[in-house]
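Reader: I would like to go through this model in short questions and answers. Please start with the term needed for the cysteines.

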Amino acid sequence: MQYDIKPGVKALIFDLDGTLADTMPYHFRGWSQACRKYGAEIDTAFLRKHTGSPGWIIAGEIIKKCNLDGSVTIEEILAEKLNSFYFDQQHVKPIQPVVDIVKKYYGKLPMSVGTGGHRGAVERTLEITGLREYFEIIITANDVENFKPHPETFLKCAELMGVDPGSIEVFEDGDLGIEAAIAAGMIPTDVRGWYDSSW
């Protein structure tokens with residue numbers, strides 16, 4: 001697939017999960033296993049709605065949705081999910097059409113990662129997919145106080161890249177991330193149609 005960035009763009013921001021790396025099937029499996037342990041269940045629509053949120057927020061939403069209050073803590077359900085995800089993480093593959101853009105503009109434009117993922121999981125995914133070397137600036141859920149759809153993640157990327165938000169194109173696969181890009185005054189590009197994202 002040939003893709004040229006939008007006219008006037010001077011920097012690029014990439015979400016990670018479901019944008020640079022095909023992690024979402026493994027995240028869903030991890031959450032599903034964690035839920036089953038505590039007698040709960042979620043579907044893909046639930047996780048799609050929360051794509052871009054940090055794990056502890058998703059865990060809290062699961063507890064509310066499945067009426068698990070008092071029977072499990074956010075920390076417990078998140079730990080179960082992470083154990084499952086880390087077991088599968090070695091199988092994660094890069095999303096090639098998006099990676100092609102990274103390689104095309106690497107060294108030509110400032111680039112960064114803006115994700116709602118946990119720092120440890122993010123770094124490991126980038127290493128496994130061979131993408132770590134392309135990004136000096138990586139903003140995770142551990143680096144901000146406000147999460148997508150709040151624009152803080154992307155605005156922090158812009159600040160560190162030294163580029164005006166209006167000149168930045170953001171590549172995303174989640175509704176929350178696209179909302180965050182728009183709120184930041186950036187140009188959003190939805191990559192969900194670029195690969196089989198039907199997890």
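Author: A disulfide is a pair of cysteine sulfur atoms within 2.5 Å. The model discussed here is predicted.

Reader: How many disulfides does the structure hold?
Author: The cut-off for a disulfide is a sulfur pair within 2.5 Å. For Cys-66, the closest cysteine sulfur is in Cys-35, at 5.4 Å, which is too far for a bond. The number of disulfides in the structure is 0.

Reader: Is Cys-66 buried or exposed?
Author: Buried means under 20% relative accessible area. Cys-66 has 18% relative accessibility, so Cys-66 counts as buried.

Reader: What is the relative accessible area of Cys-157?
Author: The limit for a buried residue is under 20%. Cys-157 is also a buried residue. Its relative accessible area is 0%.

Reader: In what order do the strands of the open sheet lie?
Author: Strand β2 (residues 111–114) is joined to strand β1 (residues 11–14) by 3 bridges, and to strand β3 (residues 137–139) by 3 bridges. On the other side of the order, 4 bridges join β1 to β4, and 4 bridges join strand β4 (residues 168–172) to strand β5 (residues 187–190). The pairing is parallel, and the 5 strands take the order β3-β2-β1-β4-β5.

Reader: Which are the edge strands?
Author: The order of the open sheet is β3-β2-β1-β4-β5. An edge strand here pairs on one side only, and the strands that do so are β3 and β5.

Reader: By how many degrees are neighbouring strands of this sheet turned against each other on average?
Author: The pairing in the sheet is parallel. With direction ignored, the average turn between neighbouring strands is 25°.

Reader: Which residues stand opposite Leu-12?
Author: Leu-12 has a partner in β2, namely Met-111. In β4, the residue opposite Leu-12 is Glu-169. The names are therefore Met-111 and Glu-169.

Reader: Which residues of β2 point the other way from Met-111 and Val-113?
Author: Met-111 and Val-113 point one way from β2, and all of the residues in this strand are buried. Those pointing the other way are Ser-112 and Gly-114.

Reader: Which residue in β3 is the bridge partner of Gly-114, and through which helix does the chain cross from β2 to β3?
Author: The bridge partner of Gly-114 in β3 is Ile-139. From β2 to β3 the chain makes a right-handed β-α-β crossover, and the helix on that path, residues 119–128, is α6.

Reader: Through which helix does the chain cross from β4 to β5?
Author: The two strands run parallel, and Val-170 stands opposite Pro-188 in β5. The β-α-β crossover between them is right-handed, and its helix, residues 175–183, is α8.

Reader: At about what angle does helix α5 run to β1?
Author: Helix α5 (residues 96–105) lies across β1, β2 and β4. Its angle to β1 is about 150°.

Reader: And what angle does the direction of α8 make with that of β5?
Author: α8 packs on the sheet, where it touches β4 and β5. The angle with the direction of β5 is about 160°.

Reader: With which residue does the side chain of Asp-88 make a polar contact?
Author: Asp-88 is found in helix α4 (residues 74–88) and is buried, with a relative accessible area of 5%. Leaving out residues up to four places away in sequence, Asp-88 touches Tyr-26 and Arg-29. The polar contact between side chains, at 3.4 Å, is with Arg-29.

Definitions and conventions
Residues numbered from 1 in each chain as written. Predicted model: local features only at pLDDT ≥ 70, side-chain atom pairs only at ≥ 80, totals over all residues. Heavy atoms only, no water. Buried < 20%, exposed > 50% of the residue type's maximum accessible area, 1.4 Å probe, protein only. Pairing = 2+ DSSP bridges. Right-handed = clockwise from strand over helix to strand, strands pointing away. Axes fitted to C-alpha atoms, helices over the stretch in contact; angles between N-to-C directions. Contact = heavy atoms within 4.5 Å. Polar contact = N/O pair within 3.5 Å; in protein donor to acceptor, adjacent residues only side chain to side chain.
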